[in-house]
Amino acid sequence: MTQLEIAMTILMKTFDEYAAMEGNKDTMNKTETKCMLEKELPGLLMEAKNQGEVDKLLKSLDFNGDCEVDFSEFVVLVSALTCACHDRCLQKS
Ligand SMILES: [Ca+2]
Ligand SMILES: [Ca+2]
């Protein structure tokens, strides 16, 4: 597999792992999303200083408003973060 293919597989596996913790296996509820953020994106959670900001972050992920984060919503988060990091890297060099 190419590196990009590996990266895509990791994305799918990571999502599936957390989405399968409880309830619907194809989506992450609030608990699962928080757990994923804590373990996989601790830097992002640290930027959210209080519970209110964490809730806002979770809400902003849920585009269709069904209180669950599906794979496409998860990918939007990851790509938004990737873009932000990429911009930061470009500014540094
Ligand atoms: Ca679930
Ligand atoms: Ca949703």
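This report walks through a predicted model of a protein with two calcium ions, starting with the overall build and ending with the pockets.

## The overall build

Let's begin with the whole chain. The protein contains five helices and two strands. If you read along the sequence, these elements come in the order α-β-α-α-α-β-α. Along its principal axes, the C-alpha trace spans about 45 × 35 × 25 Å. The protein has 93 residues, and 27% of them count as buried.

## The calcium ion called ligand 1

Which protein atoms hold the calcium ion (ligand 1)? The donors are Ala19 (O), Glu22 (O), Asn24 (O), Thr27 (O) and Glu32, whose OE appears twice in the list. They lie 2.3 to 2.5 Å from the ion. Along the chain, these donors follow the spacing A-x2-E-x1-N-x2-T-x4-E.

The geometry of this site is worth a look. The six donor atoms around the calcium ion (ligand 1) subtend angles of 52 to 168 degrees, so the arrangement is irregular.

How open to the surroundings are the donor residues Glu22 and Asn24? Glu22 has a relative accessible area of 37%, so this residue is partly exposed. Asn24, with a relative accessible area of 43%, is partly exposed.

## The calcium ion called ligand 2

Now for the calcium ion (ligand 2). The protein donors here are Asp62 (OD), Asn64 (OD1), Asp66 (OD), Glu68 (O) and Glu73, with OE listed twice for Glu73. Their distances from the ion run from 2.2 to 2.5 Å. In sequence, the donor residues are spaced D-x1-N-x1-D-x1-E-x4-E. The angles among the six donor atoms range from 53 to 156 degrees, and the site is irregular.

Buried or exposed: where do the donor residues Asp62 and Asp66 fall? Asp62 has a relative accessible area of 12%, which is under the 20% cut-off, so Asp62 is buried. Asp66 reaches 39%, so Asp66 is partly exposed.

## An unusual loop residue

Between the donors Asp66 and Glu68 you will find Cys67. Cys67 belongs to the loop between α4 and β2 (69–70). What stands out about its backbone? Most residues other than glycine have a negative phi. Cys67 is not a glycine, and yet its phi is positive, at about 65 degrees. With a relative accessibility of 64%, over the 50% cut-off, Cys67 counts as exposed.

## Two sides of helix α4

Helix α4 gives you a good chance to look down an axis. Its buried residues are Val54, Leu57, Leu58 and Leu61. Seen down the axis of α4, these buried residues fall within an arc of 95 degrees, so they line one face of the helix. On the other side of α4, Lys56 and Lys59 are exposed.

## A contrast in helix α2

Next, find Thr33 in helix α2. Its relative accessibility is 1%, so Thr33 counts as buried. Thr33 and Glu68 are 35 residues apart along the chain, and their C-alpha atoms are separated by 8.6 Å.

## The two pockets

The table sets out the two pockets.

| Pocket | Volume | Nonpolar lining residues | Polar lining residues | Charged lining residues |
|---|---|---|---|---|
| Largest pocket | about 210 Å³ | four | three | five |
| Second largest pocket | about 160 Å³ | five | one | three |

Which residues line the largest pocket? They are Met28, Asn29, Lys30, Thr33, Asp55, Leu58, Lys59, Asp62, Gly65, Cys67, Glu68 and Val69. The elements that give two or more residues to this lining are α2 (30–40) and α4 (51–61). The largest share, three residues, comes from α4.

Several residues you have already met return here. Among the lining residues are Asp62 and Glu68, which are also donors of the calcium ion (ligand 2). The buried Thr33 and the exposed Cys67 line this pocket too.

The second largest pocket is lined by Glu40, Leu41, Gly43, Leu44, Glu47, Leu81, Ala84, Cys85 and Arg88. Here the elements that give two or more residues are α3 (42–47) and α5 (71–92). Helix α5 gives the most to this lining, with four residues.

Note on methods
Residues numbered from 1 in each chain as written. Chains lettered and ligands numbered in written order. Predicted model: local features only at pLDDT ≥ 70, side-chain atom pairs only at ≥ 80, totals over all residues. Heavy atoms only, no water. Donors = N, O, S within 2.8 Å, 3.2 Å for Na, K, Ca; no water. Tetrahedral: all angles 85-135°; square planar, octahedral: opposite > 155°, others 65-115°. Buried < 20%, exposed > 50% of the residue type's maximum accessible area, 1.4 Å probe, protein only. 1 Å grid on protein atoms, 1.4 Å probe; cavity = no way out; pocket = protein on both sides within 12 Å on 5 of 7 lines; lining within 4 Å. Points joined across faces, edges and corners; volume = space filled by probe spheres on them. Nonpolar A, V, L, I, M, F, W, Y, C, P; charged D, E, K, R; others polar. Arc of directions from axis to C-beta.
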